[in-house]
Amino acid sequence: QVQLVESGGGLVQAGGSLRLSCAASGRTFSIYAMGWFRQAPGKEREFVAGILWRGDSTSYEDYVKGRFTISRDNTNNTVYLQMNSLKPEDTAVYYCAARLGDWRSKFESWGQGTLVTVSS
C-alpha cells in the first residue's frame with residue numbers, strides 16, 4: 001500500500017497563502033492519481049483538486065479555481081497544494097489521498113490531515 005503524510009497547515013489571515021505538502025511512501029509505483037480533499041467543521045469531506053501521477057492533467061473544484069494550484073514532484077514522491085487568496089471559508093482539515101492502479105480506481109489511501117485555519 002501507500003502511506004501519505006501531510007504537512008504545511010497552520011493559521012493564516014484572509015488573503016494570505018499556504019503551501020501544503022503530501023509525502024508518499026511505500027508502493028508509490030502503483031499511484032495513478034493524487035488528490036486533496038478538505039473537511040470543515042460540521043460538513044462532509046469534499047474534493048478540492050487532483051492530479052495524475054504521470055502526465056499533466058489536473059482538476060479543481062470551482063470554489064478554488066484561480067486560487068489553488070496542485071503540483072507534484074515525482075522524484076520526491078510529493079504532491080503540493082499552493083493556496084493563495086485564502087478565505088475564512090477555506091478553514092478545514094485538508095487531506096491528501098491516492099488512487100492506486102488505473103483509471104478505474106478510487107481514492108483509497110489517505111493521510112492523517114493537516115489543519116488550515118483562515119482568520120478574518
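**Exercise 1. Strand 8 and its neighbours**

Determine how many of the 6 residues of strand 8 are buried, and name the strands that bridges join to strand 8.

*Solution.* Begin with burial: 5 of the 6 residues of strand 8 are buried, so this strand is largely enclosed by the rest of the structure. Here buried means under 20% relative accessible area, exposed means over 50%, and partly exposed covers what lies in between, with a 1.4 Å probe and protein chains only. Strands are DSSP runs of E with at least two residues, numbered from the N terminus. The model is a predicted one, in which local features need pLDDT of at least 70 and side-chain atom pairs count only at pLDDT 80 or more, while totals for chains, interfaces and linings use all residues. Residues are numbered from 1 along each chain as its sequence is written, and side-chain values use heavy atoms, with hydrogens and water left out.

Next, look at the pairing, for which DSSP must find at least two bridges between two strands. Strand 3 (residues 18-26) runs antiparallel to strand 8 and is joined to it by 6 bridges, with Leu 18 standing opposite Met 83. Strand 7 (residues 68-73) is likewise antiparallel to strand 8, again with 6 bridges, and here Ile 70 has Leu 81 as its bridge partner. Finally, strand 7 and strand 8 make a hairpin with 4 residues between them, and Asn 77 in the turn has a positive phi of about 50°.

**Exercise 2. The largest nonpolar core**

Find which residues of the largest nonpolar core touch the most other members, and which strand gives the most to this core.

*Solution.* A nonpolar core is a set of buried Ala, Val, Leu, Ile, Met, Phe, Trp, Tyr and Cys residues joined through side-chain atoms within 4.5 Å. The largest such core has 29 residues, of which Met 34, Trp 36, Leu 81, Met 83 and Tyr 94 touch the most other members. The elements that give two or more residues to this core include strand 1 (2-7), strand 8 and strand 11 (114-119). Strand 9 gives the most, with 5 residues. As a general background, nonpolar side chains tend to be buried together in soluble globular proteins.

**Exercise 3. Salt bridges around Arg 38**

Identify the acidic partners of Arg 38 in the salt bridges, and work out which parts of the chain the pair with Asp 90 ties together.

*Solution.* A salt bridge requires a side-chain nitrogen of Lys or Arg within 4 Å of a carboxyl oxygen of Asp or Glu, and the structure holds 5 of them. One partner is Glu 46, whose closest N and O atoms with Arg 38 are 2.8 Å apart; Glu 46 is partly exposed at 30% relative accessible area, whereas Arg 38 is buried at 6%.

Another partner is Asp 90, at 2.9 Å from N to O. Because Arg 38 lies in strand 4 (residues 31-39) and Asp 90 in the loop between strand 8 (78-83) and strand 9 (92-100), the pair ties together parts that are 52 residues apart in sequence. Asp 90 is buried, with 0% relative accessibility.

For a further example, take Arg 104 and Asp 102, whose closest N and O atoms are 2.5 Å apart; Arg 104 is exposed at 58% relative accessibility, and Asp 102 is partly exposed at 27%. Shared partners also join Arg 38, Glu 46, Arg 67 and Asp 90 into one network of salt bridges.

**Exercise 4. Aromatic rings**

Describe how the rings of Phe 37 and Phe 47 are placed, and name the residues of their aromatic cluster.

*Solution.* Rings of Phe, Tyr and Trp (its six-membered ring) pair if their centres lie within 6.5 Å, and planes under 30 degrees apart count as stacked, over 60 as edge-to-face and the rest as tilted. This rule gives 4 aromatic pairs. Phe 37 and Phe 47 are edge-to-face, with 5.4 Å centre to centre and 75° between the planes. Since Phe 37 lies in strand 4 and Phe 47 in strand 5, the pair ties together parts that are 10 residues apart in sequence. Phe 37 is buried at 11% relative accessible area, while Phe 47 is partly exposed at 22%. The cluster consists of Phe 37, Phe 47, Phe 107 and Trp 110.
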